[in-house]
Amino acid sequence: MFTATLYAQGAQGAQAGNPLVSIGMMVAIFAIFYFLLIRPQKQQQKKLAQSIAELKKGDKIIVSGGIIAEYVSDKEGGRIAIVKVGENTKMEIIKSSISAVVTEEMLNPPKKEEKKDKKAIEDKNQIKEDLEKAQAEDKKE
């Protein structure tokens, strides 16, 4: 019993390490978080602020509540935007509540997926034809 206590006390002293290593690890983790999380989010916010500043009459926007509207004009020095929601319906919103400016790319995404789908269908049809040929040859033998 006394020996177990001595072994336990000896293990505590062996744990001490270089404090520069732990500080270096913390700096490395912060750098990873900065480049993977913080920096891209700041760039995205900057891009959104720029697109909000460049709004023109007729641009489509998405408000943070999920409402899709058409930008009409500014009010109170550019802090409030007047948007058109329906044919005869206009609303005043705070510009900071704009979550996205709808672009042509958002409305009409590239059709690369259709080409992949067509290729997959062609591949499936080719496999079916090959399978049918193989089954017909097996029946002949």
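Reader: How many helices and strands does the chain have?

Author: This is a predicted model. Its chain has 4 helices and 5 strands.

Reader: What pattern does the chain follow along the sequence?

Author: Read from the start, the order is α-α-β-β-β-β-β-α-α.

Reader: What share of the residues counts as buried?

Author: The chain has 141 residues, and 13% of them count as buried. The exposed area is about 12300 Å². Carbon and sulfur atoms supply 58% of that area.

Reader: And contacts between residues apart in sequence: what share joins residues at least 24 apart?

Author: Take the contacts between residues at least 6 apart in sequence. Of these, 33% join residues at least 24 apart.

Reader: Now the core. Which residues make the largest nonpolar core?

Author: A nonpolar core gathers buried nonpolar residues joined through their side-chain atoms. Here the largest one has 11 residues. They are Ile 52, Leu 55, Ile 61, Val 63, Ala 69, Tyr 71, Ala 81, Val 83, Ile 93, Ile 98 and Val 101.

Reader: Which elements give two or more residues to this core?

Author: Four strands do: strand 1 (60-63), strand 2, strand 3 (80-84) and strand 5.

Reader: Pick one core residue. What does Val 101 touch?

Author: Set aside residues up to four places away in sequence. Val 101 then touches Leu 48, Ser 51, Ile 52, Leu 55, Lys 60, Ile 61 and Met 106. Ile 52, Leu 55 and Ile 61 also belong to the core.

Reader: Let us turn to charges. How many salt bridges are there?

Author: Start with the general idea. Side chains of opposite charge can pair when their charged atoms come close. In this model the count comes to 3 salt bridges.

Reader: Which residue forms a salt bridge with Lys 95?

Author: Asp 74 does, with the closest N and O atoms 3.1 Å apart. This pair links distant parts of the chain, 21 residues apart. Lys 95 sits in the loop between strand 4 (90-94) and strand 5 (98-101), while Asp 74 is in strand 2 (residues 68-75).

Reader: Is Lys 95 buried or exposed?

Author: Buried means under 20% relative accessible area. Lys 95 has 13%, so it counts as buried. Its partner Asp 74 has 38% and counts as partly exposed.

Reader: Where does the salt bridge of Glu 92 lead?

Author: To Lys 75, at 2.6 Å from N to O. Again the pair links distant parts of the chain: Glu 92 in strand 4 and Lys 75 in strand 2, 17 residues apart. Glu 92 is partly exposed at 49%. Lys 75 is also partly exposed, at 32%.

Reader: What else is Glu 92 in contact with?

Author: Leave out neighbours within four places in sequence. Besides Lys 75, Glu 92 is in contact with Ile 80, Ala 81 and Ile 82. Glu 92 and Ala 81 are 11 residues apart in sequence, yet their C-alpha atoms are 5.7 Å apart in space.

Reader: Which side chains meet Arg 79 in a salt bridge?

Author: That of Glu 76, at 3.7 Å from N to O. Arg 79 is partly exposed, at 49%. Glu 76 has 52%, so it counts as exposed.

Reader: Strand 2 also holds Glu 70. What is Glu 70 in contact with?

Author: Beyond neighbours within four places, the contacts are Gly 58, Asp 59, Lys 60, Ile 82, Val 83 and Lys 84. Glu 70 is partly exposed, with 27% relative accessibility. Lys 90 is 20 residues from Glu 70 in sequence, and 9.2 Å away in space, C-alpha to C-alpha.

Reader: Now the rings. How many aromatic pairs are there?

Author: The count comes to 1 aromatic pair. Tyr 34 and Phe 35 form it.

Reader: How many degrees lie between the planes?

Author: The angle is 80°, and the centres are 5.2 Å apart. Planes over 60 degrees apart count as edge-to-face, so this pair is edge-to-face. Tyr 34 is partly exposed at 30%. Phe 35 counts as exposed, at 51%.

Reader: Which residues make the nonpolar surface patch?

Author: Ile 29, Phe 30, Ile 32, Phe 33, Tyr 34, Phe 35, Leu 36, Leu 37 and Ile 38 make it. The patch covers about 910 Å². Tyr 34 and Phe 35 are the two rings of the aromatic pair.

Reader: Where does Phe 33 lie?

Author: Phe 33 lies in helix 2 (residues 19-53). Phe 33 is partly exposed, with a relative accessible area of 44%.

Key:
Residues numbered from 1 in each chain as written. Predicted model: local features only at pLDDT ≥ 70, side-chain atom pairs only at ≥ 80, totals over all residues. Heavy atoms only, no water. Salt bridge = Lys/Arg side-chain N within 4 Å of Asp/Glu carboxyl O. Buried < 20%, exposed > 50% of the residue type's maximum accessible area, 1.4 Å probe, protein only. Core = buried A, V, L, I, M, F, W, Y, C linked by side-chain atoms within 4.5 Å. Contact = heavy atoms within 4.5 Å. Phe/Tyr/Trp six-rings, centres within 6.5 Å; stacked < 30°, edge-to-face > 60°. Patch = residues over 30% accessible without salt bridge, like charges linked within 9 Å, V, L, I, M, F, W, Y side chains within 5 Å. Areas by Shrake-Rupley, 256 points an atom, 1.4 Å probe, with all protein chains shown as cover.
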